[in-house]
Amino acid sequence: GEDVKPFTPERAKEIVMSLQQPAVFCNMVGNWPALHWNAKYLSTVLDGKTIQFRLGLKTVDLVPQFETRCSYVKATVEEFLAWSCGQPCLSGPFSCYEYSKYWAYADYKYIARIFEDKPEVFQDIKWSDFGFPGRSGKESTLWIGSEGANTPCHLDSYGCNLVLQVQGRKKWHLFPPGDTSFLYPTRIPYEESSIFSKVNVTNPDLKHFPKFRNTTAHVVTLSPGQVLLVPRHWWHYVESIDPITVSINSWIELDADHEARVEEAITRMLVCAIKSAENPSDGDCWLNPTEVEATSHEINLQYLNKAVSAYFKCQKASVSEQTSSSSTRAEQRTSASCKRKKREASCEREGCKSLPNEFGFSTFKAENLQEIHFGPHLIPVLPQSQETSLMGTPAVESDGGDILHENEGGHVGELHRTRKQLVMNDDCETPAHQMDSDCSPNPSQTALSTNDLLDCLVNPHVISLVAQLLLERTRV
């Protein structure tokens with residue numbers, strides 16, 4: 001018979017577009033063929049095609065292991081499966097990496113690329129059930145990892161995120177947008193649309209990052225058959241906790257992405273200008289491997305102007321729509337605000353940072369919103385302080401089992417010294433930042449680096465203000 005789901009597509013979209021806290025959808029994907037996409041199945045379908053795996057050490061003290069600090073190999077899923085069994089690999093791409101010491105992650109693999117010769121598999125993923133008709137695997141990303149594989153704590157500048165767990169379990173540590181200043185945001189390594197945290201959120205160094213104790217962590221273990229909603233600008237650290245995990249996600253474009261694109265253009269211009277001026281011999285790997293090159297000032301300025309132009313085009317369309325009472329609200333068909341990840345050299349910088357997306361920005365009428373009721377089919381990811389009340393409720397039956405909420409809780413990149421600016425007077429000659437009021441050096445402080453300055457200049461709050469001032473100036 002027909003597969004009956006707890007939410008209609010229209011209602012599911014209402015929830016996705018309006019809910020401001022993470023939540024898990026249950027019993028929504030029972031008829032999706034993608035539920036069979038375990039690693040063994042993918043190995044057969046990919047039929048010997050190699051994909052890139054990122055490898056990191058399992059040592060917890062090294063978290064966050066940014067992508068600039070990882071190793072990379074090209075391997076088949078079959079070779080990955082053989083290695084993940086824990087048997088010594090005497091030859092092949094994983095032979096130099098002992099399974100007990102390393103994790104491997106094929107992350108951010110755009111399904112449209114790795115299955116370009118098998119487009120029929122795109123329809124195995126049916127995001128239309130969540131109110132996004134036509135969205136399938138073509139607009140989705142695949143993740144295959146071993147136990148311990150993780151994504152450093154970060155927030156995505158664009159869109160919101162829907163994540164389907166297919167095989168194994170992943171633990172998600174999520175933090176609300178209001179915790180941004182407590183998570184010590186940084187843009188080094190630089191990657192468009194990703195703002196990283198310096199903190200090891202599972203084992204924080206509170207001496208170096210004391211404000212982290214003010215955060216409110218929401219922790220959930222996602223099981224197969226469940227779909228996690230990560231709202232806009234929620235921080236997240238994700239780790240595979242089973243021997244093999246497979247996930248599929250899709251970033252949903254939002255109207256707010258137009259302003260975010262302006263902010264990202266400003267950030268790119270500042271980071272590239274300042275870091276490119278540093279002495280290359282410093283050896284600072286400031287550009288994430290996902291970024292092909294440090295773009296020139298001229299190109300970055302062109303990008304900024306395109307982002308500003310797109311913003312005002314969106315504003316104009318919105319005003320026209322509001323003043324037209326007789327016409328129905330149409331989906332805006334603009335160049336997509338794709339979540340940019342793992343961009344290849346062949347992708348051009350034309351506003352969209354990854355695969356072209358045929359969808360426009362998602363729009364939603366808040367005045368028609370019904371109150372959202374949580375229950376067995378929509379479970380909130382609660383703050384840790386509230387987990388006890390959830391654990392006291394009966395077990396929830398869902399596609400993939402119960403959701404487990406668990407209680408769990410730095411690493412700072414090497415700083416590169418800059419030339420000291422000296423303050424001269426009659427009786428002392430000391431770097432200005434090391435001065436006490438009595439003109440005595442302060443031994444507890446060290447020279448500020450370029451990265452220290454950048455952490456202030458491109459702080460999300462600062463960039464947001466600069467973008468607003470720039471847009472106001474342009475509007476006039």
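What follows is a chat about a predicted model of one protein chain.

Visitor: Hi! How confident is the predictor in this chain, going by pLDDT?
Guide: Hello! Since this is a predicted model, that is a good place to start. The protein chain averages a pLDDT of 83, and 76% of the residues score at least 70.

Visitor: And where does pLDDT stay under 50?
Guide: One such stretch is residues 340-360, for which the model has 73 contacts beyond four places in sequence. Residues 386-441 also have a pLDDT below 50, and the model gives this stretch 120 contacts beyond near neighbours in sequence.

Visitor: Good to know. On to the sheets: what is the strand order in the open sheet of 6 strands?
Guide: The order is 9-10-6-13-8-11, and the pairing is antiparallel.

Visitor: Which are the edge strands there?
Guide: Strand 9 (185-186) and strand 11 (218-222), each of which pairs on one side only.

Visitor: How many bridges join strand 9 and strand 10?
Guide: There are 2 bridges between strand 9 and strand 10 (residues 194-197), in the antiparallel sense. In one of the pairings, Thr 186 has Phe 196 of strand 10 as its bridge partner.

Visitor: Now strand 4. Is it mostly covered or mostly open?
Guide: Mostly covered: strand 4 spans residues 102-110, and 8 of its 9 residues are buried.

Visitor: Which residues pair up between strand 2 and strand 4?
Guide: Arg 54 has Tyr 105 in strand 4 as its bridge partner. Strand 2 (residues 51-57) and strand 4 pair over 4 bridges, in the antiparallel sense.

Visitor: What about strand 5?
Guide: Strand 5 (residues 141-146) pairs with strand 4 in the antiparallel sense, over 4 bridges. There, Lys 109 is matched with Leu 142 of strand 5 as its bridge partner.

Visitor: Let's switch to rings. How many aromatic pairs are there in the whole structure?
Guide: A search of the whole structure finds 18. Among them are Trp 32 and Trp 127: their ring centres are 5.1 Å apart and their planes are at 90°, so the pair is edge-to-face.

Visitor: Where do Trp 32 and Trp 127 sit in the chain?
Guide: In distant parts, 95 residues apart. Trp 32 is in the loop between strand 1 (23-25) and helix 2 (39-46), while Trp 127 is in the loop between helix 4 (111-114) and strand 5. Both Trp 32 and Trp 127 are buried, and they form one aromatic cluster with Phe 7, Phe 25 and Phe 130.

Visitor: Why is the pair of Phe 53 and Phe 94 edge-to-face?
Guide: Because the planes of Phe 53 and Phe 94 are at 70°, with the ring centres 5.7 Å apart. That pair links distant parts of the chain too, 41 residues apart: Phe 53 in strand 2, and Phe 94 in the loop between helix 3 (77-84) and strand 4.

Visitor: Are those two buried or exposed?
Guide: Buried: Phe 53 has a relative accessible area of 0%, and Phe 94 has one of 2%.

Visitor: Which Arg residues lie over rings?
Guide: Arg 261 lies over the face of Tyr 158, at 4.5 Å from the ring centre. The charged end of Arg 135 sits over the ring of Phe 132, 5.9 Å from its centre.

Visitor: Last one: why does Thr 290 count as buried?
Guide: Because its relative accessibility is 2%, and buried means under 20%. Thr 290 is in the loop between helix 5 (257-276) and helix 6 (297-323), and its side chain is joined to that of Glu 191 by a polar contact of 2.5 Å.

Notes:
Residues numbered from 1 in each chain as written. Predicted model: local features only at pLDDT ≥ 70, side-chain atom pairs only at ≥ 80, totals over all residues. Heavy atoms only, no water. Pairing = 2+ DSSP bridges. Buried < 20%, exposed > 50% of the residue type's maximum accessible area, 1.4 Å probe, protein only. Polar contact = N/O pair within 3.5 Å; in protein donor to acceptor, adjacent residues only side chain to side chain. Phe/Tyr/Trp six-rings, centres within 6.5 Å; stacked < 30°, edge-to-face > 60°. Lys NZ or Arg CZ within 6 Å of the ring centre and 35° of its normal. pLDDT = per-residue confidence, 0-100. Contact = heavy atoms within 4.5 Å.
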